[in-house]
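Take a walk through this predicted model. The route starts at one loop residue and moves on to a sheet, its helices, the cores and the aromatic side chains.

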Amino acid sequence: MASFQRTRPAHIERTPDAGGMSLRSKWAIGGAIGGGALAGLLATGSSALAVYFARRVITPARHRTADQEVLAVIRDGQEQQVILAATDDTTVEGVYGFFFDGGKGHARIGRIVSYSPAERTVLREVEAVYSGDLSAARWGWWSGAIYPDPAAAGIPAEDVVIPVDRGEAPAWLVRAGGTARTWAVMVHGRGASRQEALRAVGPALELGLTSLLVSYRNDGLAPSADDGRYGLGSTEWRDIEAAIEYALANGAEEVVLFGWSMGGAICLQAADLSRYRHLIRAMVLDAPVIDWVNVLAHHAQLNRIPSLVGRYGQLMLGHPLGRRLTGLAAPVDLKMMDWVARAVELRTPTLILHSVDDEYVPYKPSALLAERNPEMVTFETFNRARHTKEWNVDPERWERLVKAWLRQQLAPRLNPGAANAGSHLSG
């Protein structure tokens, strides 16, 4: 450009056009307009991406993505094995659920028989096929939910409904023997279902707890919210309060909350805001969302969304003006659900089980919450369990930890007056 200006005749620079504007001025204004348009396009693109990101977080998915490939099914009499494409999920030992045919099919997949990194395949045992034809399946999705219903797990249960806003929410009721004054209210995670909680019913029964496996707004079973959007715990806790009320009306005197992933965030909100919070004896949280800002930043990074765009998406979720873009009926207060910052405010004894390699909800906020409030929070780490599959990787350890911790929490509370009286008498 500099050499072009030096060779250009000088009089052209000074000659105005019909509008009285020099050529240099026209170039400058044109550049400014072009730069402004480009900046506008970039800003518009960033805003659109932020809106997409925000809406994706709070909008329930109508269909699960079938991202796990089935390569072959091998039959040997009544036994079956399945060859799967090797992934981060399928190459971890344990027992898992596998859904296929749009969720109509459900199988329980067991131990790894062989693994070929070169061919990127893994051969695993098929422990049971509850529904569908696994041999005809080509794609499906991996899950921690190994049973489709209590009957498949050999657990007697009743189908009940819990009155909630806009209708009734289906739940499974598993009664403990005798008169159980403590009930376990079990809360599944985002995009999951009450099937997820079946893994915890056995330990609860051993502890004498009646279990209520609930559904809540927008999970596909309970009535949808008015806006059809997740509140990330800020609205769903009301359905858990309704479940606690149901338990109290049917013989419970106190409850223990179990929560997985977003279900953990919901439990934390219930323990903070419910009028029955004084009756929540303890919480067991598996891979819980302790800080949504941390989780959203993690997912922005996973999806290669610029951090500024991710933060803009978070702002949309929490700002009243963002409702038109996100579809939320009311803003989501992410700060109120930051339990790292609010650690000292948590006054319900809580056990957190979280895998250090959780790819969906990073474990560090769980660790920080325990570090900042060791009086109330006990933290146990797992390895290679990924997200909410701690039980699947090591069911014996998971159940041992939960039962030992809950026995301590549910032990009869010593009456200080009685203790003093006993001391006086013994003296």
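Start at Leu221. This residue is found in the loop between strand E10 (210-214) and helix H5 (237-249). Its relative accessibility is 40%, so Leu221 counts as partly exposed: the value falls between the 20% limit for buried and the 50% limit for exposed. Leu221 touches Pro170, Arg194 and Ser215, leaving out residues up to four places away in sequence. Ala169 is 52 residues from Leu221 in sequence, yet the two C-alpha atoms are 6.7 Å apart in space.

Arg194, one of the contacts of Leu221, leads to a ring. Its charged end sits over the ring of Trp172, 3.9 Å from the ring centre. Another arginine is placed over an aromatic face. Arg397 lies over Phe382, at 4.3 Å from the centre of the ring.

Now turn to the sheet. Eight strands form it, and the sheet is open. The order reads E7-E8-E10-E9-E11-E12-E13-E14, with mixed pairing. Strand E7 (158-164) and strand E14 (377-382) are the edge strands, each pairing on one side only. On average, neighbouring strands of this sheet are turned by 20° against each other, direction ignored.

Look at one pairing within it. Strand E9 (residues 182-187) and strand E11 (residues 254-260) run in the parallel sense and share six bridges. Val185 has Leu257 in E11 as its bridge partner.

Helices lie across these strands. Helix H6 (residues 262-273) crosses E9, E11 and strand E12 (280-286). H6 runs at about 150° to E11. Helix H10 (residues 364-372) lies across strand E13 (350-355) and E14. The angle between H10 and E14 is about 145°.

Next comes the packing. Which residues touch the most other members of the largest nonpolar core? They are Ile162, Leu212, Leu232, Leu257, Met283 and Trp292, in a core of 66 residues. Leu257 has already appeared as the bridge partner of Val185. Trp292 is in contact with Leu232, Met262, Ala265, Leu334 and Met337, leaving aside neighbours within four places in sequence. A second core is separate and has 32 residues, including Leu198, Leu207, Phe258 and Trp398.

Finish with the aromatic side chains. How many aromatic pairs does a search of the whole structure find? It finds six. One of them joins Tyr96 and Trp142, with 5.3 Å centre to centre and 35° between the planes. This pair is tilted. Why does the pair tie together parts that are 46 residues apart in sequence? Tyr96 lies in strand E3 (residues 96-100) and Trp142 in strand E6 (residues 139-143), so the contact between their rings links those two parts.

Are Tyr96 and Trp142 buried or exposed? Tyr96 counts as buried because its relative accessibility is 2%, and the limit for buried is under 20%. Trp142 is buried too, with a relative accessible area of 7%.

Phe98 and Phe100 make another pair. Their ring centres are 6.1 Å apart and their planes meet at 25°, so this pair is stacked. The reasoning rests on the angle: planes under 30 degrees apart count as stacked. Both Phe98 and Phe100 are buried. The two pairs belong together, for Tyr96, Phe98, Phe100 and Trp142 form one aromatic cluster.

Conventions: Residues are numbered from 1 along each chain as its sequence is written. This is a predicted model: local features need pLDDT of at least 70, side-chain atom pairs count only at pLDDT 80 or more; totals for chains, interfaces and linings use all residues. Side-chain values use heavy atoms; hydrogens and water are left out. Helices (H or I, at least four residues) and strands (E, at least two) are DSSP runs, numbered from the N terminus. Buried means under 20% relative accessible area, exposed over 50%, partly exposed in between (1.4 Å probe, protein chains only). Contact means heavy atoms within 4.5 Å. Two strands pair if DSSP finds at least two bridges between them. Axes are lines fitted to C-alpha atoms, for helices over the stretch in contact, and angles run from 0 to 180 degrees between N-to-C directions. A nonpolar core is a set of buried Ala, Val, Leu, Ile, Met, Phe, Trp, Tyr and Cys residues joined through side-chain atoms within 4.5 Å. Rings of Phe, Tyr and Trp (its six-membered ring) pair if their centres lie within 6.5 Å; planes under 30 degrees apart count as stacked, over 60 as edge-to-face and the rest as tilted. A charge sits over a ring if NZ of Lys or CZ of Arg is within 6 Å of the ring centre and within 35 degrees of the ring normal.
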